[in-house]
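Open your viewer and get the selection tool ready. We will take this stop by stop, and at each one you will hear what to select and what is there.

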Amino acid sequence: PHQLPETEATGRGEAQADEVVRAAASPTEVLRHRDVASLSASEKQRLVAMLASLRPRPPLRRTGRHQRWHRGEVDAPRTLRASLRRMGEPGEIAWRRRVQKPRRVVLLVDVSGSMTAYADVLLRLAHRLTHGMARGSGRVETFTIGTRVTHVTRALRVSDPERALVAAGDTVPDWSGGTRLGETLRFFLDRWGQRGMARGAVVVVFSDGWERGDASMLAEQMARLRRIA
């Protein structure tokens, strides 16, 4: 928050029993609690700048391999081999820890008619995550969903965000169309799910959940996604 300027009535020269701190929320803080669909053009530009300032880090997972470390768990084999080289004399204990690798992130962005006002910002966020996590060797895959599934990761790898969004828009054939979330999720899981990129990944679904198809199918596919991801 930014502190408001003092007035004559509340100047420092006036003795008060309780000091009153008057503050107002900054424009950035206000923007964080606004509905993206209701933002003005200038507020959207500020939001774009906020997204560009993000420094995302990829989520990590532990692998089955180990590496030498200065603490953690005792590396019994290495400790024993070092002792044997010293003819059984005791020495320093060797330590190890599990190797950590970036976990894949998969973004499913709903671009149906009811999500049109949010799709641009969500794809900008996907673009920032794609490039920000790449610095930490992370991998982000982005798909749009509506009446069909479209893989837009290649388009979002363009470094300039404006050109990337244009390329993504040219790739998506069902922009502002209908919504068949159950069918699109089933197609995604059939192709990229069980043995594909969604396996063990962090999967984020950006959608208002508006379904024109069979709601029971949507429930089944969400449960299936939860078991895989």
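## A walk through the fold

Start with the whole chain in view: among its contacts with a separation of 6 or more, 70% join residues 24 or more positions apart. Keep in mind as we go that this is a predicted model. Colour by secondary structure and you should find 8 helices and 9 strands. Of the 229 residues, 35% count as buried. Switch on the surface if you like: its accessible area comes to about 14700 Å², with 51% belonging to carbon and sulfur atoms.

**Stop 1: the largest nonpolar core.** Select Leu107, Val109, Val140 and Leu156. These touch the most other members of the largest nonpolar core, which holds 20 residues. Now add the elements around them: strand S6 (105-110), helix H4 (116-134), helix H5 (153-156) and helix H6 (161-171) each supply at least two residues of this core. Which element gives the largest share? That is H4, with 6 residues.

**Stop 2: around Leu156.** Centre on Leu156 and show what surrounds this side chain. Beyond its neighbours within four places in sequence, Leu156 is in contact with Leu123, Ala126, His127, Thr130, His131, Thr142, Ala164 and Ala168. Apart from the core you have just visited lies another one of 17 residues, including Leu108, Phe143, Ala201 and Leu225.

**Stop 3: the aromatic pairs.** The model has 4 aromatic pairs. Pick Phe143 and Trp192 to see a tilted one, with 4.7 Å from centre to centre and 55° between the planes. Their positions are worth a look: Phe143 belongs to strand S7 (residues 140-145) and Trp192 to helix H7 (residues 181-192), so this pair links distant parts of the chain, 49 residues apart. Are these two rings buried or exposed? Phe143 has 0% relative accessibility and therefore counts as buried, and Trp192 is buried too, at 12%.

Next, add Phe188. Its ring centre is 5.9 Å from that of Trp192 and the planes meet at 35°, so this pair is tilted. Here both partners sit in helix H7, 4 residues apart, about one turn of the helix, and both are buried. Finish this stop by selecting Phe187 as well: ring pairs link Phe143, Phe187, Phe188 and Trp192 into a cluster.

**Stop 4: a charge over a ring.** Last, select Arg97 and Trp69. The charged end of Arg97 sits over the Trp69 ring, 3.5 Å from the ring centre.

Methods
Residues numbered from 1 in each chain as written. Predicted model: local features only at pLDDT ≥ 70, side-chain atom pairs only at ≥ 80, totals over all residues. Heavy atoms only, no water. Core = buried A, V, L, I, M, F, W, Y, C linked by side-chain atoms within 4.5 Å. Buried < 20%, exposed > 50% of the residue type's maximum accessible area, 1.4 Å probe, protein only. Contact = heavy atoms within 4.5 Å. Phe/Tyr/Trp six-rings, centres within 6.5 Å; stacked < 30°, edge-to-face > 60°. Lys NZ or Arg CZ within 6 Å of the ring centre and 35° of its normal. Areas by Shrake-Rupley, 256 points an atom, 1.4 Å probe, with all protein chains shown as cover.
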